[in-house]
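Hi there,

Here's the structure I promised to pass on. Have a look at it first, and then read on for what turned up.

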Amino acid sequence: MSKPAQPLSWQHMRRLLASKSKNELLNLIRDLYILTTDNKDFVHAQVLTPKRTAPKARQPKKQPSSTSKVLPKIRKFATIARELHEGASSTITRLTAMKSLCEDARAAAHFALHLAQLTYRRMQEKACPFHLDPQQWEYYKQVVDEAIRQMQRYIEHPTQEAADLVQAWLSDVRAIQNTYRNQAWGPVRIIHSTEVLLIEYALSCLLQPTASADWGYHLARQYAERYNSRYGTGLIPESAPLVEDIADFWCQYYVGKPLQEWLGTSSSQ
């Protein structure tokens, strides 16, 4: 007696169906379709009913990058510098955007060091002011030079020892201009060198990271504010290259390009 034929597995049947032509498969489906009512209903359900598509996942809103937030402020400072170059003047409050830029204490520390280095460079190029003794002026420059060295050391290696040295130099820098004169409205500090005062602000910016926004603004103000009898005190034409220095720092810090190069690239796009 012969053994009953084993039922074909689906894998075997799949290989057989795959070898058939399109017409042969359509004829097979037709034959099955007309064979029973259940087959018709099944084909109708599969072919005529539209398939439901899963809803697209909602993409989270992309948050603007820190650089995209900074670029309008850099452009604003560049615009102020251009207006000052053209002879305009403005109030110092236009530098208020510095506060938001310097909320990042690390960025503010690098900004403080940069302005301190530019200030020292100008002190080296500048003749001794008429109200100072040449030896006194040389002493100021020596103190500023060493203070900047300690700032750089602290930024590169922010240890407690480095912080203590910066604090010690801050005390020395303050002591240079620690004279007060009583006026009707109260004691007024006598400032012999605005350059030394800027270094004092820069050192304070490093040592008070929680107040870096305010110190950053004071630094920018001290660096760029000038006086002229024609314009008064504030941002005047003489301030133009100084405001440009500020914009250039932030451009290089966030974009990695000098200000004029970035302005040329962005305007051509």
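Through how many residues does a hairpin join S1 to S2? The hairpin does it through 2 residues. Keep in mind as you read that this is a predicted model. Strand S1 covers residues 180-183 and strand S2 covers residues 186-189; the two run antiparallel, and 4 bridges join them. If you'd like one pair to find on screen, try Asn 182, whose bridge partner in S2 is Pro 187.

Now for the helices. Start with helix H6 (residues 105-125), which packs against helix H7 (residues 134-156). Their axes are 10 Å apart, and the angle is about 155°. Angles over 145 degrees count as roughly antiparallel, so that is the word for how H6 lies relative to H7. The crossing of H6 past H7 is left-handed.

Which residues of H6 and H7 make the contact? On the H6 side, look for Ala 109, His 110, Ala 112, Leu 113, Ala 116, Gln 117, Tyr 120, Met 123 and Gln 124. H7 brings Trp 137, Tyr 140, Lys 141, Val 144, Asp 145, Ile 148, Met 151, Gln 152 and Ile 155. Sorted by class, the residues of this H6 and H7 contact come to 12 nonpolar, 4 polar and 2 charged.

One residue to click on is Lys 141, which sits in helix H7. Is Lys 141 buried or exposed? Its relative accessibility is 12%, and buried means under 20%, so Lys 141 counts as buried. Leaving aside residues up to four places away in sequence, Lys 141 touches Tyr 120, Met 123 and Gln 124. You've met those three already: they are among the H6 residues in the contact with H7.

H6 has another partner to look at, helix H11 (residues 240-254). The axes of H6 and H11 come within 11 Å and cross at roughly 140°, so these two helices are oblique to each other. Their crossing is right-handed, whereas H6 passes H7 in a left-handed one.

In the contact with H11, H6 uses Arg 106, Ala 107, His 110, Phe 111, His 114, Leu 118 and Arg 122. From H11 come Leu 242, Asp 245, Ile 246, Phe 249, Trp 250, Tyr 253 and Tyr 254. The classes here are 9 nonpolar, 2 polar and 3 charged residues. Notice His 110 of H6, which is listed in the contact with H7 and also in the contact with H11.

Cheers

Note on methods: Residues are numbered from 1 along each chain as its sequence is written. This is a predicted model: local features need pLDDT of at least 70, side-chain atom pairs count only at pLDDT 80 or more; totals for chains, interfaces and linings use all residues. Side-chain values use heavy atoms; hydrogens and water are left out. Axes are lines fitted to C-alpha atoms, for helices over the stretch in contact, and angles run from 0 to 180 degrees between N-to-C directions. Angles under 35 degrees count as roughly parallel, over 145 as roughly antiparallel, 65 to 115 as roughly perpendicular and the rest as oblique. A crossing is left-handed if the near helix is turned anticlockwise from the far one by less than a right angle, and right-handed if clockwise. Contact means heavy atoms within 4.5 Å. Ala, Val, Leu, Ile, Met, Phe, Trp, Tyr, Cys and Pro count as nonpolar, Asp, Glu, Lys and Arg as charged, and the others, Gly among them, as polar. Two strands pair if DSSP finds at least two bridges between them. Buried means under 20% relative accessible area, exposed over 50%, partly exposed in between (1.4 Å probe, protein chains only).
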